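Work through the exercises below with the model open. Try each task before you read its solution.

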Amino acid sequence: MTELPTNYLYEAVRQDNTSGRYGARVQTRFPPEPNGFLHIGHAKAIVTDFSVAEDFAGICMVRLDDTNPEAEDDDFVQAIIEDIRWLGYEPADVRFASGYFQQLYDWAELLVRKGLAYVDDQSPEEISVGRGSFTQPGVESPYRDRTVDENLDLFRRMRAGEFPDGSRVLRAKIDMAHENMQMRDPLMYRIRKVPHHQTDMDWPIYPTYDWAHGQSDAIEGVTHSLCSLEFESHRPLYDWFLEQLEVDQAPRQIEFARLELTHTVTSKRRLAKLVHDGVVDGWDDPRMPTLRGLRRRGYPASAIRAFCKEVGITRVNSRKAIEELESYVRRDLNATAQRRMAVTHPLKLTLTNWPRNADGSPVVEHFELVNNPEDEADGTRSAPFTGELWIERDDFMEVPPPKYFRLSPGKEVRLRGAYFVTATDVVKDDEGRVVEVLATYDPASKGGNSPDGRKVKSTMHWVSRPHAVDITVALYERLFTAEAPGAATGEALDDLNPESRTIVPGGKAEPALADAAPGEVVQFERIGYFAADLDQPLLFHRTVGLRDEWAAVQKRGQ
């Protein structure tokens with residue numbers, strides 16, 4: 001049996017189970033607002049919600065917090081559900097806060113009748129000023145002492161759509177001098193005569209998040225309402241509402257630290273601005289921290305889950321190094337991705353002593369290359385080899401520096417799984433740029449080993465020119481140059497990296513790469529991991545490089 005985590009959240013659930021607080025039942029929920037796409041921060045919350053439920057043999061539901069119709073859309077709803085399932089989780093049920101609008105309204109009337117809620121005619125600005133500050137108490141509304149009958153009448157007329165938008169709100173009557181700002185007569189309902197993606201124009205008033213949250217949890221039978229730390233100050237209000245309604249077995253809110261990454265922002269407002277300003281191509285741009293962007297870039301869902309679990313559950317907000325997430329991605333892909341040879345900046349290599357057919361065409365040989373050295377079950381593929389090849393431009397230097405072990409005049413190297421070759425001459429264009437390298441091969445070194453036992457210090461990948469598949473690669477750097485975007489100026493978008501993406505056309509790849517399925521990630525040998533685009537054939541996004549940058553980050557921190 002797998003040992004469960006020992007953090008404070010798990011200990012709280014254990015204690016509740018031991019005490020019989022919920023009959024040893026555990027039910028959690030993930031409550032996203034359908035006003036945007038899920039991002040890496042949401043992934044941490046999803047993993048936490050579903051893991052707690054699973055580890056205690058409970059269930060986790062998804063409830064769309066659709067209480068703000070002006071910003072919400074059914075397309076977001078569908079995307080959220082799809083992304084949760086892609087991440088590897090199946091909700092026990094999918095609900096909507098809007099499905100509880102009538103019950104929430106009935107409960108609001110109950111608080112009005114108990115003298116615990118009132119209709120306020122003040123403007124939003126007046127209400128905001130009246131709440132005071134952390135050092136000064138709030139000021140009671142001049143409408144706070146309306147009678148129960150008057151409040152019921154006004155609230156019902158709000159429900160009937162009699163008043164214009166923003167003219168009145170329903171507030172809880174708690175304590176305008178409370179040290180917790182959230183308890184200073186918080187809003188429960190506001191007037192918004194706009195269509196809702198679920199209820200259309202049935203409701204001219206909408207509940208606030210604080211009013212809908214705990215009550216929706218109670219309706220669904222949630223036992224443990226897991227929230228990020230910014231909702232810690234809301235917990236007294238969460239509990240207060242449930243206490244006034246005398247809900248049996250009220251759910252328990254517990255907070256945990258959210259996930260932030262270096263060189264990344266997760267603010268929906270800022271992400272939306274990146275999209276709307278055309279800085280990125282959309283919410284699924286591979287540079288975006290959205291789950292859709294990470295998926296397009298080739299991040300495996302399993303790596304994201306493993307990373308979120310390793311980050312763990314704490315009560316201290318922190319910013320994790322993005323290199324750490326990339327190390328999980330690299331580790332996952334090393335075990336699962338098939339290997340392919342691709343040349344991103346091609347240079348011709350011609351073997352002058354390669355045999356030719358009677359018609360002058362080069363003889364074609366085939367080499368069986370391992371698809372994945374980490375998994376024998378992946379087998380091999382056949383790669384054609386001729387005397388006319390493509391190699392990486394960086395793998396040849398006419399005048400090499402010291403300790404340059406790749407191809408240069410007179411130097412012998414190994415072509416991966418094929419032959420030893422020695423550069424003999426070059427062909428240059430009119431500007432003196434090398435456009436072709438001439439070399440000879442050693443027929444006795446077939447398979448990449450020499451019978452006389454001589455060694456070479458470099459092994460290079462290659463692609464047969466007559467068989468090459470044309471590809472385009474997209475290379476990515478950090479979207480933000482600063483580790484903490486905006487730390488210097490106060491505005492994260494000031495740290496945007498104008499060179500976060502480079503599109504490199506004209507790449508050449510072995511024929512097997514043409515069979516890559518949309519979204520499939522393969523390792524370009526010696527280069528990195530690349531994901532086949534979901535829509536555009538033979539476009540490959542660099543997921544991560546081969547070098548473990550996280551190890552270097554850790555070493556620098558020692």
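**Exercise 1: a sheet and its edges**

An open sheet has seven strands in the order β12-β25-β26-β27-β23-β24-β13, with mixed pairing. Find which strands stand at the edges, and say why one side of each has no neighbour.

Solution.
- Start with the ground rules. The model is predicted: local features need pLDDT of at least 70, side-chain atom pairs count only at pLDDT 80 or more, and totals for chains, interfaces and linings use all residues. Residues are numbered from 1 along each chain as its sequence is written, and side-chain values use heavy atoms, with hydrogens and water left out.
- Fix the terms. Helices (H or I, at least four residues) and strands (E, at least two) are DSSP runs, numbered from the N terminus. Two strands pair if DSSP finds at least two bridges between them.
- Read off the edges. They are β12 (338-340) and β13 (342-343). Each has a single partner strand, so one side is left without a neighbour in the sheet.
- Now look at one pair. Strands β23 (residues 469-476) and β27 (residues 539-545) run parallel and are joined by three bridges. Valine 473 has phenylalanine 540 in β27 as its bridge partner.
- Add the helix. α12 (residues 322-336) packs on the sheet and touches β12, β25 (521-524), β26 (528-532) and β27. Contact means heavy atoms within 4.5 Å. The direction of α12 makes about 115° with that of β27; axes are lines fitted to C-alpha atoms, for helices over the stretch in contact, and angles run from 0 to 180 degrees between N-to-C directions.

**Exercise 2: two loop residues**

Classify threonine 344 and histidine 345 as buried, partly exposed or exposed.

Solution.
- Set the cut-offs. Buried means under 20% relative accessible area, exposed over 50%, and partly exposed in between (1.4 Å probe, protein chains only).
- Place the residues. Threonine 344 lies in the loop between β13 and β14. Histidine 345 lies in the loop between β13 and β14 (346-351).
- Apply the cut-offs. Threonine 344 is at 9% relative accessibility, so it counts as buried. Histidine 345 is at 40%, so it counts as partly exposed.
- Check the link. Their side chains make a polar contact of 3.1 Å. Such a contact is a pair of N or O atoms within 3.5 Å; within protein, one must be able to donate a hydrogen and the other to accept it, and residues adjacent in sequence count only if both atoms are side-chain atoms.
- List contacts, leaving out residues up to four places away in sequence. Threonine 344 touches Glu392, Val473, Val504, Gly507 and Ile527. Histidine 345 touches Ile391, Glu392, Arg393 and Val504.
- Compare sequence with space. Histidine 345 and glycine 507 are 162 residues apart in sequence, and their C-alpha atoms are 6.1 Å apart.

**Exercise 3: the cores**

Which helix gives the most to the largest nonpolar core?

Solution.
- Define the core. It is a set of buried Ala, Val, Leu, Ile, Met, Phe, Trp, Tyr and Cys residues joined through side-chain atoms within 4.5 Å.
- Find its centre of contacts. The largest core has 53 residues; Leu9, Ile40, Ile46, Val52, Ile84, Leu87 and Ile304 touch the most other members.
- Name the helix. α2 (residues 40-55) gives the most, with eight residues.
- Look for a second core. Apart from the largest lies another of 33 residues, including Phe155 and Phe241.
- Follow Phe241. It is one of the buried residues of helix α8 (residues 235-244).
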